[in-house]
Amino acid sequence: MANSLPNFASSGCCVLLLLVSIFIQGGVQGSIGVNYGTVANDLPPPTHVAHFLLESTIINRVRLFDANPDILQAFAHTGIAVTITVPNDQIPHLTKLSFAQQWLKSNVQPYVQATNIVRILIGNEVLSTTNKLFIAGLVPAMQTLHAALVDASLDRKIKVSTPHSLGILSSSSPPSSGKFRQGYDVHVLKPLLSFLKATNSPFMVNPYPYFGFSADTLDYALFRPNSGVFDDKTKLLYTNMLDAQLDAVFSAMKLLGFVDLEIAIAETGWPSECDPAQVGVDPQSAADYNGNLIRHVTSGNGTPLMPNRTFETYIFALFNENLKPGPTCEKNFGLFRPDMTPVYNVGILRHTASSSTPLNPSPGSGPVPALAPASPSPPHGEKLWCLPRRGADAEALQRNIDYVCGLGLNCGPIKQGGPCFMPNTVRAHAAYAMNRYFQAMGRNGYDCEFEGTGATTAVDPSYGKCKY
């Protein structure tokens, strides 16, 4: 950090601490990750990607489609949660404990001390391959790899799961009729769900409203205002396709007796460019889907059949990938271009939060400002955070740090050794301090003004062990 944090407390400290006890509010927080694919010849080096995600975005989870050692090394000491993948063709080998132990020694143990590896996925959409050898070996491979993790004393830190396409369902509409395909339900999915429950791992699915929409249901797929779809059996109204897809999975799990197992979204996304004849594919539609997705899965609202839940979610994908086979849209699911500029804005950049309206003088070097009689509060149930604006002057941000910490608020997390000390930059530390003040004062718009250097966002900027 450029300057040391002040240790003094102002005369307004006692008043402020009282306000802190009154106004600090909790809330259910979701977790947003990205799928980091590498089927391209123009992507930046992994070290640049890791630094960019940590410093410039609110993304705190990354899913890899392999166990690339360069990428694992690049994410060392970032705190970002990393999920790695065992390719489908390795599944038959993983059913042998000696192979699983060697795989861990080669692909996990050299990196686990520095890189926050939290999950290993066994294959991807294995049941959709119709490969009998892969399908028969899937659950035994998961059990064997878990046993190897237990032997290495890594089972509490690293969980095992596998992602599925919605092709595992034989019925999905209405959502209450969700049912797994016959044959797979009892012989594969029931033991798989039992394993996940026993090891406290989520059931992971790849729901894509993009692949299920028509011109008539585009708004329904994009979370835009629409008349909704009514489930006659449950008498529940669905206002977006993702909720319907997730509840169809939940209904299928319920038939097998698993209603308390977490569901995680391993992949979902929307392309920004496709062949000319494709309806609903453009940067605005992609921004609508992914932006609304982030707000929805982190809101705590849940779905009609799973209320009051958040969903760990991985957006597909981090980058556009120019070597992916298939139509143009397959190459254009990325949130970012290879030069790390956004294809469109969904509010995940740390310093492009929406502007707050200044209604009162902002915190400066004087006493704590009085609360205005009429304070603009966020919509009911919506959590907001305060971050520095893009281009805010470093000296101004340092003054914000000095002011907030000088009031007696807890700035320990941004001191050396604290969970928010890294990245050790004025901007990153200011983000924590400014948000600390904003939350303590009741999340009023003017409490994030900071002489024009602050702005609010509805997306949680927490990362790793650094909780805002």
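**Exercise 1.** Determine which residues of strand S9 (residues 203-206) lie on each of its faces, and whether they are buried or exposed.

*Solution.* The structure is a predicted model, in which local features need pLDDT of at least 70, side-chain atom pairs count only at pLDDT 80 or more, and totals for chains, interfaces and linings use all residues. Residues are numbered from 1 along each chain as its sequence is written, and side-chain values use heavy atoms, with hydrogens and water left out.

Step 1. In a regular strand, side chains alternate between the two faces of the sheet.
Step 2. Phe 203 and Val 205 occupy one side of S9, while Met 204 and Asn 206 occupy the other. Strands are DSSP runs (E, at least two residues), numbered from the N terminus.
Step 3. All four residues are buried, that is, under 20% relative accessible area with a 1.4 Å probe, protein chains only.

**Exercise 2.** Identify the strands that pair with S9.

*Solution.* Step 1. Pairing requires that DSSP finds at least two bridges between two strands.
Step 2. Strand S6 (residues 163-165) runs parallel to S9 and is joined to S9 by three bridges; Ser 165 stands opposite Asn 206.
Step 3. Strand S12 (residues 263-268) is also parallel to S9, again with three bridges; here Phe 203 faces Ile 263.

**Exercise 3.** Place Phe 203 and Met 204 in the nonpolar cores.

*Solution.* Step 1. A nonpolar core is a set of buried Ala, Val, Leu, Ile, Met, Phe, Trp, Tyr and Cys residues joined through side-chain atoms within 4.5 Å.
Step 2. The largest core has 136 residues, and Phe 203 is among those touching the most other members.
Step 3. Met 204 belongs to a second, separate core of five residues, which also includes Ala 264, Ala 266 and Tyr 314.

Notes:
Buried < 20%, exposed > 50% of the residue type's maximum accessible area, 1.4 Å probe, protein only.
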